[in-house]
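Visitor: I am new to protein structures, and I would like to learn how to read one feature at a time. Could you take me through this one slowly?

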Amino acid sequence: QVSPIVGYILTGAVIGSTLGLADAVDRHTLHEVAEFGIVFLMFSIGLEFSLHHLQSMRKDVFVFGLFQVVITSAIFASAGVYIFELSVKSSIIVGAALALSSTAIVLRVLNENGDIHRPYGRHSLGILLFQDLAVIPILLMIAIFANPNTDLQDLILNTAISGIMVLAILVFLGKYATEKFLGYIVDTKTDEFFISAIILIVLSSAMLAYVFGFSYSLGAFVAGMLIAETKYKHQIEADLVPFRDLLLGLFFITVGLQLDFGYLFSNIFLIVGLTAIILLAKASIIYAVIWYFTFPKRAIKTALALAQVGEFSFAVLELAKISDLISNDLNQLMIAVVVISLIFTSLSIRHVRTFSNILIPERTELSHEPFISASISHHVVVCGYSLLGQKVVKQLKNKGIAHIAIEHD
């Protein structure tokens, strides 16, 4: 089965190259709109991971993520300097861009097949979250390279202050205002009000983070985690799916718009060869990091899931090109490599467990407990909280039986 993501990318490429519409569309503006597909995706992922979950994932984020980004950036930057004879600044930027993986593809597929709660899914999410955090110093680095007279100390101080302010505002609103606000909306018994309120919360949190110099998706993820503590999380998740999928489709169309078929066909062997080397090198680095701390099979799954180059590298490379830190030819080459790696990953990531079983047939770890995504188990589910439902729940409470009641109102 071919992933829809491939269809979206190829659609964008056809629109851009054969219909001559690429220049008629403001790519930057369209990309800004399309990026909200990732925003809604990160918000829905945040709904699955409360602050308690994030605390339990600190090793995935700050150990696995840190090692992956630093080691991958350093190796690719060294290759740029010593093998491809690029300048040091260009090599560092390209190395940092190649260290990023695709949040949009990986998390979407892990969500669809339920692997987000498996150990390799948690490792993948943790590394992707750290990569989102790493975008901040990468953008700061480009600003410093473009203007060597920039005061580094002031930049770091301002970024730290901005981060604290964003977190404080989101935590305050999430803890004290959001649930009451949603309660008032639910009392109106109007579905479109509820959906509009959720979209307002997602976009507001994303814009708040962006105004303070962070990525849209990071703000949306934090907002999702805070709302995960409320009783509305499941209804919110269900209502957001159509918007998320529609905007993600638009995002991948804009990815395809950046692909130049003429350049691709004239340099096809260089692009395919370079893509294969990058995928293999990145997978090897991720495998080594996860294998050192966990198990070989889990390491292979994580490595295969995150081997591609991520969509945010487009923004990093474009900003570097505008700042005259990389050439237009190098930028076009990197864009082609990124798109090919995204297409390859969207086809292969669904079969990660199959590939890992082929590479390592024997079991390298034993799971003694089943994977569960809820905080309780062996409980009764009461469908409907009418008078009858309330009587059932009362009896369950009296008998001390764990239960959850589901009610549309």
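Guide: What follows is a walk through helices, strands, rings and single residues in this model, which is a predicted one.

Visitor: Let us begin with helices that lie against each other; at what angle do α10 and α12 pack, and how far apart are their axes?

Guide: Two packed helices are described by the angle between their axes and by the distance between those axes. In this model, α10 and helix α12 (residues 233–257) pack at an angle of about 80 degrees, and their axes are 10 Å apart. Since angles from 65 to 115 degrees count as roughly perpendicular, α10 and α12 are therefore roughly perpendicular to each other.

Visitor: Which residues make the contact between α10 and α12?

Guide: On the α10 side the contact is made by Phe194, Ile195, Ile198, Ile199 and Val202, while α12 brings Gln235, Ile236, Asp239, Leu240 and Phe243.

Visitor: I would like to look at single residues of α10 as well; is Ala197 buried or exposed?

Guide: Ala197, which has its place in helix α10, has a relative accessible area of 4% and is buried, because buried means under 20%. Leaving aside its neighbours within four places in sequence, Ala197 is in contact with Phe181, Leu182 and Ile185. The C-alpha atoms of Ala197 and Ile185 are 7.6 Å apart in space, and the two residues are 12 apart in sequence.

Visitor: And what does Ala206 touch?

Guide: Ala206 also lies in helix α10, which covers residues 191–211, and with a relative accessible area of 0% Ala206 is buried. When residues up to four places away in sequence are not counted, Ala206 touches Phe36, Val39, Tyr216 and Ala220. For a distance along the chain set beside a distance in space, take Ala206 and Pro148, which are 58 residues apart along the chain and whose C-alpha atoms are separated by 30 Å. Ile169 and Leu208, in turn, are 39 residues apart in sequence and 9.0 Å apart in space, C-alpha to C-alpha. Ile169 is found in helix α9 (residues 152–187), and its relative accessible area of 32% makes Ile169 partly exposed.

Visitor: Let us turn to the strands; in which sense do β1 and β2 pair, parallel or antiparallel?

Guide: Strand β1 (residues 380–383) and strand β2 (residues 403–406) pair in the parallel sense, over 4 bridges. One of the residues to look for is Val380, whose bridge partner in β2 is His403. From β1 the chain crosses through helix α19 (residues 387–398) to β2, and this β-α-β crossover is right-handed.

Visitor: Aromatic rings come next; how many aromatic pairs are there?

Guide: Pairs are judged by the distance between ring centres, which must lie within 6.5 Å, and by this rule the count comes to 6 aromatic pairs. One of them is formed by Phe64 and Phe293, which are 5.4 Å apart centre to centre, with 50 degrees between the planes, and this pair is tilted. The pair links distant parts of the chain, as Phe64 is in helix α5 (residues 58–82) and Phe293 in helix α14 (residues 268–293), 229 residues apart. Phe64 is buried at a relative accessible area of 1%, whereas Phe293 is partly exposed at 30%. Phe293 also pairs with Tyr292, here edge-to-face, at 5.1 Å centre to centre and 85 degrees between the planes. Tyr292 counts as exposed, with 64% relative accessibility. Ring pairs link Phe64, Phe67, Tyr292 and Phe293 into a cluster.

Visitor: My last topic is the backbone; where does Glu85 lie, and what is its phi?

Guide: Most residues other than glycine have a negative phi. Glu85, although not a glycine, has a positive phi of about 55 degrees, and its place is in the loop between α5 and α6 (88–99). Glu85 is exposed, with a relative accessible area of 68%. Asp324 is not a glycine either, and its phi is positive at about 60 degrees. Asp324 lies in the loop between α16 (312–322) and α17 (328–348), and at 70% relative accessibility Asp324 counts as exposed.

Notes: Residues numbered from 1 in each chain as written. Predicted model: local features only at pLDDT ≥ 70, side-chain atom pairs only at ≥ 80, totals over all residues. Heavy atoms only, no water. Helix = DSSP H or I, 4+ residues; strand = E, 2+ residues; numbered from the N terminus. Buried < 20%, exposed > 50% of the residue type's maximum accessible area, 1.4 Å probe, protein only. Contact = heavy atoms within 4.5 Å. Pairing = 2+ DSSP bridges. Right-handed = clockwise from strand over helix to strand, strands pointing away. Phe/Tyr/Trp six-rings, centres within 6.5 Å; stacked < 30°, edge-to-face > 60°. Axes fitted to C-alpha atoms, helices over the stretch in contact; angles between N-to-C directions. Parallel < 35°, antiparallel > 145°, perpendicular 65-115°, else oblique.
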